[in-house]
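Biologist: I'd like to learn how to read the contacts in a model like this. Could you walk me through it?

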Amino acid sequence: MPVSNKGSFYIFIVGTAISLVIFLGLTLQTHEQVDALTHAEKLSDEVVAGKHVWESKNCNECHTILGFGVYYAPDLTKVYKRIGPEGIRLAVQQPEVIYASSFRKMPDLNVTDQETSDLIAFLEWTGNIDNNDWPPQDTDDAMSASERRLAGGMGLSRGAAVFQENCMRCHSIGGSGGGTGPALDDIGNKYDAATITRFILSPTSINPNSKMPPQRGLSEDDRAAVGEFLAKQDGR
Amino acid sequence: MQPGAPGEELVPYKSQRVAYWYFVIALGLFVLQILVGLWLAISYAFTIPQDIVDVLPFGMTRAMHTNLLVLWLLLGFMGGAYYLVPEEAKREIYSVKLAYIQLAAFVATGVTALVGFAFGWSQGRPILEIPLPLDFVVVVGALMFLFNVGMTVIKGRKTAVLGMLTGGLVFLALLYLFGMPFYRNLTIDWFYWWWVVHLWVEGAWELVTAAILAFVLIKITSVDRKVIEKYLYLETALFLFTGLAGTGHHYYWIGAPDTWLWIGGIFSALEVLPIIAMVIDTFLTQRRHGHVIKHKVVWLFAIGTAVGHLIGAGIWGFAHTLPQINYYTHGSQVTASHGHMAFFGAYALLNLTMFWYALPRLRGVRRYNPSGAHWGFWIMGFSVLGLSLAMGVAGVLQTYIERVLGEGFMTAQAQMQFWFKIVIFFGVCLLAGVLITIWKLLTPKETAAETE
C-alpha cells in the first residue's frame, strides 16, 4: 500500500474522529428523546425504588430485561403485560410453589411485600418503554402458535376463546400454555363445571391452598363458559 | 537480529520479570473460569434442586464466570504491557514495587468480589457486578498502572506501539467510570453500560491487542518495524471507525432513537472489514516471511488470534447484527454462542500468544519442544468451536420456538437441554486443553534440537 507511516497515522486520527463525532452526536440525540420514549414523567420514586430492588436482588443475573442480562430465565421487559401484577407477586414471593413442577427453579430471595410492590411498579414502567415492539413474542398482535392451534382445534367455543385469552399465560392444556399454574388436561375429572366457575372467582373457597389470584376481571358469563369448557377436559 | 539467537538476552530488562506473576495468576483464574462455566452448563442441562438454588443461585455463579473472564484478561493485558514496555521504551519500568502493589490490589479485589458473589454481595448489573467500594479499589489500581506505564513511556523511547498501547489503556480506564453511577432510567443505564462493555471489547481492547500483537510480530518475524507500524495504524483506524459508531447495534430495542437502527446496522456490518484485513495481513506475512519465523508456537497462536477474531467476532457477530435479524435473536443463546467464540478467539488467544512468547523466556528457556503447545492449541480451539456451535444451535432453536412460534420460554428451554449436554462435553475437553497449555507453559524444558 503506497501510504507512508505519517499518512497512515492521519488516516487513523481522521477515521476515529469521524466515527466519534457520529457516535457523540447520536448520544446527544438519545438524551434529547429518551424522556419521551421512556415516558419519564411516569418514572416515579416508586419505580426507582423498584429498580434498586431489581439490582439488589440480582434479578438481572438470571433474567434479561430489554434483552440484556442473562439468558437463564425469561425476558422481563413486558412481564407486567404477560402475567400481571399478581403473577409477578406470586413468582417473586413463592417461587418454590410456583415453579415446583418446573425443571428450572427460581431462588427464594426473601423479597418483602413493599419491595415486591416497588418491583411491580418498575416492571410496569419498563413494559411501556417505546422500544420498537421488542420482544417479538410479547407484541400486541402476537398470538402464540400454541394458542392458535388450540383455538383452531376446538372450533373456538366461547369457553376456549376466554381460556386462551385469559388463562393460558399460567395454565396449559396438551402442553400448550404457561407453567406458572398447574396443567389442566384432566381438571374435569376433579371438578364439575359449577365448581370450576366458582373456583375462578374465589380459588381459596374451593382449595384453601390455592395460590391463584381471583379473576374478578371476568364477567359471570365468561366464568361460566370457561367452567364448562374446562369440565370437559378429562385427560383423553 | 533473530530473537532467540544465541547471545541475545532472553529478558533484556530486569523489571520485565514483573509480568511473570501477572501471567501465572491470570492462568489460574482462567482455569477457575472454566470450572464455574461447567457448573453453568450443568445448570442449563439438568434440574438443580430448589434447596441448592436458594443457597447458590445460578446468577451469582454466572457473575463469577464473567468476572473471572474480565479479570484474567485484564491481568494478562497488564502483564503483557509490563513485559513489552521496557523493551519498547528501552528502559526499566518506572517502579517495580508499584507494579506489585497494583497486582496485589487487583487480586485482593478479585478474591473479595468472588467470595462476595457467593453471598449475593453484588451491584446486580451483569458483568459490572462488583460493588461500588470495590469499584474504587479498581480505579486506584488502574491509576497506579497508568502512572507506572506512563512514567516509563515518557522517560523512554517513544514508539507507535507504545502510543497505541497507552492510548488504549487510558481509554479503557476512562470508560470504566461510566459503569459506576446509579442511573434512574433503565434505558440510560443500559446505554452507558455499553460504553463500558462494547467500547471495551470493540474499542479500547482492540488498541491494546493491536499493540501487543505488533510487538510480538516485530520480535518473531523479520518484517521491518516501519511496515508493522503502518498496518497497526491502518487496521486500528478501521477498528475504531467501525467500532465506535457500531455501538449502535446494542441500541435497537432499548427505547433509544430509531437513528441507531441505521447507524448501528451500517457501521456494524462494516465491523468485519478490519478483521478481514487483519487475517489477510497475517497470511501475507506467513507467505512472505514464514520461512524465517523462529517461534513457531507463538506464530501459531498469533494466526489463531486472527482467525479466531474473524470467526467469533467477525462472522458470528455479523450474523446477528442487522436489525431485521437481531429483532429475533437479541437476548437469546445466539448471543452467548457469539460471546464465547469471540472472547476466546480474539482475547484469550491474544493473551496466550503473549504468554507463549514471554513465559518460556521468563523461565530462562530458549528452545523447547513445541508438540505440547500444539496439542493444547488444537484441543482448546476445537473445544471452544464445539461448545459455541452447540450454544448456537440452542440459540436458533430458542429464537424459532420462542420468538417466531411464540411458545413459552420453558417450552423452548426444554428443547435446548440436549445441546447443553454437548456444551458440557466440550467444556470438559476445553478444560483438558487449557490444563495441557498451562502445564507446558510453566514447565518448558531447554532442548538442544532445532525444534523451536
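Biologist: Let's start with the two chains: how many residues of chain A are in contact with chain B, and how many of chain B with chain A?

Modeller: Happy to help, and do keep in mind that this model is predicted. The size of an interface is often given as the accessible area lost when the parts come together. Here we have residue counts instead: 63 residues of chain A touch 61 residues of chain B.

Biologist: Which element gives the largest share of the chain A side?

Modeller: Helix H1(A) does, with 18 residues. Helices H2 and H6 and strand S2 of chain A also give two or more residues each. By class, this side has 30 nonpolar, 24 polar and 9 charged residues.

Biologist: What about inside chain B: which domains does the assignment give?

Modeller: The assignment lists domain 1 (7–157), domain 2 (197–293) and domain 3 (295–452). The C-alpha centres of domains 2 and 3 of chain B are 19 Å apart, and 23 residues of domain 2 meet 25 residues of domain 3. On the domain 2 side, H7(B) has the largest share, 8 residues. That side is made up of 16 nonpolar, 5 polar and 2 charged residues.

Biologist: And at what angle do helices H13 and H15 of chain B pack?

Modeller: At about 5°, with axes 13 Å apart. Angles under 35 degrees count as roughly parallel, so H13(B) is roughly parallel to H15(B). Residues in this contact include B:Trp356 of H13(B) and B:Met416 of H15(B). The contact has 6 nonpolar, 2 polar and no charged residues.

Technical notes: Residues are numbered from 1 along each chain as its sequence is written. Chains are lettered from A and ligands numbered from 1 in the order in which they are written. This is a predicted model: local features need pLDDT of at least 70, side-chain atom pairs count only at pLDDT 80 or more; totals for chains, interfaces and linings use all residues. Axes are lines fitted to C-alpha atoms, for helices over the stretch in contact, and angles run from 0 to 180 degrees between N-to-C directions. Helices (H or I, at least four residues) and strands (E, at least two) are DSSP runs, numbered from the N terminus. Angles under 35 degrees count as roughly parallel, over 145 as roughly antiparallel, 65 to 115 as roughly perpendicular and the rest as oblique. Two residues are in contact if their C-beta atoms, placed from the backbone, lie within 7 Å. Ala, Val, Leu, Ile, Met, Phe, Trp, Tyr, Cys and Pro count as nonpolar, Asp, Glu, Lys and Arg as charged, and the others, Gly among them, as polar. Domain bounds come from an automatic or database domain assignment.
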